[in-house]
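Here is a short report on a sheet, its metal sites and its ring contacts. Read it with the sequence and model open.

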Amino acid sequence: MNADLHCHSNISDGTLEPEAVAARAKANGVELWALTDHDEIGGQTRALEAALAIGLPYLTGTEISVTFAGVTVHIVGLGFDAADTRLVAGLAATRGGREARAREMSAELAKVGIDGAYDGALHFVGNPELISRTHFARFLVDSGVCDDTQEVFRRFLVEGKPGFVPHRWATLRDAVTWIADAGGIAVVAHPARYKFTPTEEYALFTEFKALGGRGVEVVTGAHSAGDAIRYAGTAREFDLLASRGSDFHSPEESRIDLGGLPPLPAGLVPVWSALEARIHTTD
Ligand code: AMP
Ligand code: MN
Ligand code: MN
Ligand code: MN
């Protein structure tokens, strides 16, 4: 099954409209799709309607920013009720800090001689409630400071580099609870990205399970083949469902296109096998 359960539209930090992401997923052979915008489900109705119109089975999705042990961790939610009031309110609260953070990021960049970053980033924003580091990265490329977004995330906007502003996101408990109570499944996104020590990573998965989390992304755009094997082991060790998603943001920026991932390693239980009743189809 070519499932792609992690990607972004311009409702968060992707560059395509939800309808265009749906069309691209279909054209690339995706057979089950979820749009997972950061801290935002405002694109879910559009994504669902676009998917159904082209015969693409759909699961609701989001990617919640969490602070765990001082590190930003992303939790993907799949198959929830997008009208759930606590989920809607929780995501709104999580988004709420982004505006002030962005202004601080701009002030930090001004200290190293980069002026107008807030307005510059805003130029790339599709949703005023969701200004992210990606939009600053696009400004820094567009204004010629960096050649590409990869260079931006080496030289700027990350801990210890200009433009980084520490931020407190949702708690792991809240994110997992919002998703689970709305009937969905919480999944640890791209675990190889966090650079935790083995002890910290064990603590993350132990606490995630205890709170009701049920899945881990094993195959995703940021993972090497070795990472996939490693987190297949984590899925078995913690008895977690395995997810698969490109984390596609943009045709120009994303290394892996929608639907372009390798299959899940053998012997895992795919997250979609536990979500059959939550999949939207036309028939
Ligand atoms: P924010 O939620 O504002 O902290 O922005 C996080 C987003 O920045 C991620 O979802 C990615 O889209 C992007 N990002 C973070 N680190 C990198 C990186 N090393 N390379 C490319 N994009 C990155
Ligand atoms: Mn992103
Ligand atoms: Mn992420
Ligand atoms: Mn993502």
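Ile-75 has Val-188 in strand 5 as its bridge partner. The model shown here is predicted. Strand 4 covers residues 71–78 and runs antiparallel to strand 5. Four bridges join strand 4 to strand 5.

Strands 4 and 5 belong to an open sheet of five strands. The strand order is 3-4-5-6-7, and the pairing is mixed. Strand 3 and strand 7 (241–245) are the edge strands. Each of these edge strands pairs on one side only. On average, neighbouring strands of the sheet are turned by 40° against each other, direction ignored. Helix 8, residues 172–181, lies across strand 3, strand 4 and strand 5. Helix 8 runs at about 160° to strand 3.

**Metal sites**

Two manganese sites are set out below.

| Ion | Donors | Donor distances | Spacing in sequence | Separation from manganese ion (ligand 2) |
|---|---|---|---|---|
| Manganese ion (ligand 4) | His-6 (NE2), His-8 (NE2), Glu-63 (OE), Asp-247 (OD) | 2.1 to 2.2 Å | H-x1-H-x54-E-x183-D | 4.5 Å |
| Manganese ion (ligand 3) | Glu-63 (OE), His-74 (ND1), His-190 (NE2) | 2.1 to 2.2 Å | E-x10-H-x115-H | 5.6 Å |

Glu-63 is a donor to the manganese ion (ligand 4). Glu-63 is also a donor to the manganese ion (ligand 3).

Which distant parts of the chain does the pair Glu-63 and His-190 link? Glu-63 is in strand 3, while His-190 is in the loop between strand 5 and helix 9. They are 127 residues apart. Both residues are buried.

The manganese ion (ligand 4) has donors from distant parts of the chain too: His-8 and Asp-247 are 239 residues apart. His-8 sits in the loop between strand 1 (3–4) and helix 1 (18–27). Asp-247 sits in the segment after strand 7. Is His-8 buried or exposed? His-8 has a relative accessible area of 0%, so this residue counts as buried. Asp-247 is buried as well, with a relative accessible area of 11%.

**Aromatic contacts**

The structure holds five aromatic pairs. One of them is Phe-68 with Phe-196, an edge-to-face pair. Their ring centres are 6.3 Å apart, with 85° between the planes. This pair also links distant parts of the chain. Phe-68 is in strand 3 (residues 61–68). Phe-196 is in the loop between strand 5 (185–188) and helix 9 (198–210). The two residues are 128 residues apart. Phe-68 and Phe-196 are both buried.

Why is the pair of Tyr-194 and Phe-196 tilted? The planes of these rings are at 50°, which lies between the limits of 30 and 60 degrees, so the pair is tilted. Their ring centres are 5.9 Å apart. Tyr-194 is buried, with a relative accessible area of 9%. Phe-196 has 13% relative accessibility, so this residue counts as buried. Ring pairs link Phe-68, Tyr-194 and Phe-196 into a cluster.

There is also a contact between a charge and a ring. Arg-103 lies over the face of Tyr-118, at 4.1 Å from the ring centre.

Methods
Residues numbered from 1 in each chain as written. Chains lettered and ligands numbered in written order. Predicted model: local features only at pLDDT ≥ 70, side-chain atom pairs only at ≥ 80, totals over all residues. Heavy atoms only, no water. Phe/Tyr/Trp six-rings, centres within 6.5 Å; stacked < 30°, edge-to-face > 60°. Buried < 20%, exposed > 50% of the residue type's maximum accessible area, 1.4 Å probe, protein only. Lys NZ or Arg CZ within 6 Å of the ring centre and 35° of its normal. Pairing = 2+ DSSP bridges. Axes fitted to C-alpha atoms, helices over the stretch in contact; angles between N-to-C directions. Contact = heavy atoms within 4.5 Å. Donors = N, O, S within 2.8 Å, 3.2 Å for Na, K, Ca; no water.
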